[in-house]
Amino acid sequence: MTPVALDLPDFPWDQLAPYKERATAYEGGIVDLSVGSPVDPTPDVVRRALAEATDAHAYPQVAGTPALREAIAAWYGRRQGVQLTADHVLPTIGSKEFIAGLALWLGLGPGDTVVFPEAAYPTYELGAALVRAEALAADDPATWPASTKLVWLNSPGNPDGRVLSIEQLRAAVARARELGAVIVGDECYAELGWDAPYDTTPTPTILDPRVVGDSLTGVLSVYSLSKQSNLAGYRAAFVAGDPDLLADMLAIRKHTGMMPPLPVQQAMVVALEDETHVRQQKNRYRSRRNVLRTAFERAGFRIDASGAGLYLWATRGEPALDTVAWLAERGILVAPGTFYGAAGAEHVRVALTATDDRIAAAAQRLASAGRVAGG
């Protein structure tokens, strides 16, 4: 038998090595906008909670402490208007492990289809590859085949920042239920909306009653605190929705020992209950986004979608790697849209996750490039 690892694609970011080397050589150093990894400090209130819980001598609960499950349910009620109980939620060790593993845990295999967005985070396709299921990038629910067993939505989208409306979410859920498929909304950027009305409220969740009706059957929402709370290093996330599906996931996770560390669980409770730091972080990203968007547009780029999330989806109407190379010559590293599927052939993804001084440096370099191009 061939080890499954041999069938996996290369890790996309390894391909950026020569461009990173070129950007690093630029006078003043690299401005790395290629990865959405937080650069700002974890909020003090969260760090204190973690420190106070470090006497974690016993095994933590896979299901999460009662306080954590209640905090997750309360967050959905307060921020999304969705009424859940502790049976509707489950903590995860970051969101990526759940996304990569769900097809396996649902028992999918050859002959089954996993659907995901046309411009998509690579882990959805990876999950399909791990079980040798068919991977299909398709935004239109009408095109999802009868073999579909798992559907991933991503709103706000990574890489493109697209936000799905209640109507679009409802149509997707209806089609998934018609096919007998599980459908999951990956919603980790929900608190980072920029265009009205999501500049002041979270973007829609797949669990909204206007989407699912009076039943959560077959529907899950995945959320992460990495972005809103700068907890990427904590691996702090959760899934919510269909209690029967979550009971099955809990049983599997107990057997495999997938236990979020107890100090992290306590930190999550505090992060979920404190909204002040979330507003502060959003304001930081808003400021950086405004600087970068203006700079890229003045340098001749068009910004598509990008109404929410941590990225600008930018294009100069040329092959993505040509744009990556052009920016690397100016000391700026971005991710080519080709990392996210054929839909990104002429786009690059520009992350907002750099410090204010590096964002300013990128803007200055783009302004200089624009002056040169304009004569």
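This passage describes the overall build of a predicted protein model and then some of its strands and loops.

The overall dimensions make a good starting point. The protein contains 375 residues, and a compact globule with that many would have a radius of gyration near 21 Å; the value found here is 21 Å, so the model agrees with that expectation. Along the principal axes, the C-alpha trace extends over about 65 × 50 × 45 Å. The secondary structure comprises 13 helices and 13 strands. Of the 375 residues, 55% count as buried. Among contacts with a separation of 6 or more, 75% are made by residues 24 or more positions apart. The exposed surface comes to about 15800 Å², with carbon and sulfur atoms supplying 53% of it. As for charge, there are 34 positive and 43 negative charges, and the mean positions of the two sets lie 5 Å apart.

Two strands illustrate the interior nicely. Strand β5 spans residues 148-154, and six of its seven residues are buried, so β5 is largely enclosed by the rest of the structure. Strand β3 (residues 113-116) is joined to β5 by three bridges, and the two run parallel. In this pairing V115 is placed opposite V151 of β5. Strand β6 (residues 182-186) also pairs with β5 in the parallel sense, here over five bridges. Here N154 faces D186 of β6.

Strand β2 (residues 89-93) offers a companion case, this time with an antiparallel partner. Four of the five residues of β2 are buried, and therefore the strand is largely enclosed by the rest of the structure. The partner is strand β8 (residues 236-241), joined to β2 by five bridges. Within this pair, T92 stands across from A237 in β8.

The loop that leads towards β8 can be followed through A232, which sits between α8 (226-229) and that strand. Is A232 buried or exposed? With a relative accessibility of 23%, A232 falls in between and counts as partly exposed, because the buried class requires a value under 20%. The C-alpha atoms of A232 and S37 are 7.1 Å apart, although 195 residues separate the two along the chain. Once neighbours within four places in sequence are set aside, the contacts of A232 are with P38 and S226.

A further sheet is open and has four strands, arranged in the order β9-β10-β13-β12 with antiparallel pairing. β9 and β12 (335-336) form the edges, and each has a single partner strand, so one side of each is left without a neighbour in the sheet. For β12, the link to strand β13 (residues 348-351) consists of two bridges in an antiparallel arrangement. A335 lies opposite R349 of β13 in this pair.

Beside the other edge strand, F301 occupies the loop between α11 (276-298) and β9 (302-304). F301 has a relative accessible area of 5% and is buried. Which residues does F301 touch, not counting those up to four places away in sequence? The set consists of F296, A314, T315, R316, T323, W326 and L327. For one of these, A314, the C-alpha atom is separated from that of F301 by 6.2 Å, with the two residues 13 apart along the chain.

Definitions and conventions:
Residues are numbered from 1 along each chain as its sequence is written. This is a predicted model: local features need pLDDT of at least 70, side-chain atom pairs count only at pLDDT 80 or more; totals for chains, interfaces and linings use all residues. Side-chain values use heavy atoms; hydrogens and water are left out. The radius of gyration is taken over C-alpha atoms; the globule rule is 2.2 Å times the number of residues to the power 0.38. Buried means under 20% relative accessible area, exposed over 50%, partly exposed in between (1.4 Å probe, protein chains only). Contact means heavy atoms within 4.5 Å. Accessible areas come from the Shrake-Rupley method with a 1.4 Å probe; for residues, only the protein chains shown count as cover. Lys and Arg count as positive and Asp and Glu as negative; His and the chain ends are not counted. The place of a charge is taken as NZ of Lys, CZ of Arg, CG of Asp or CD of Glu. Two strands pair if DSSP finds at least two bridges between them.
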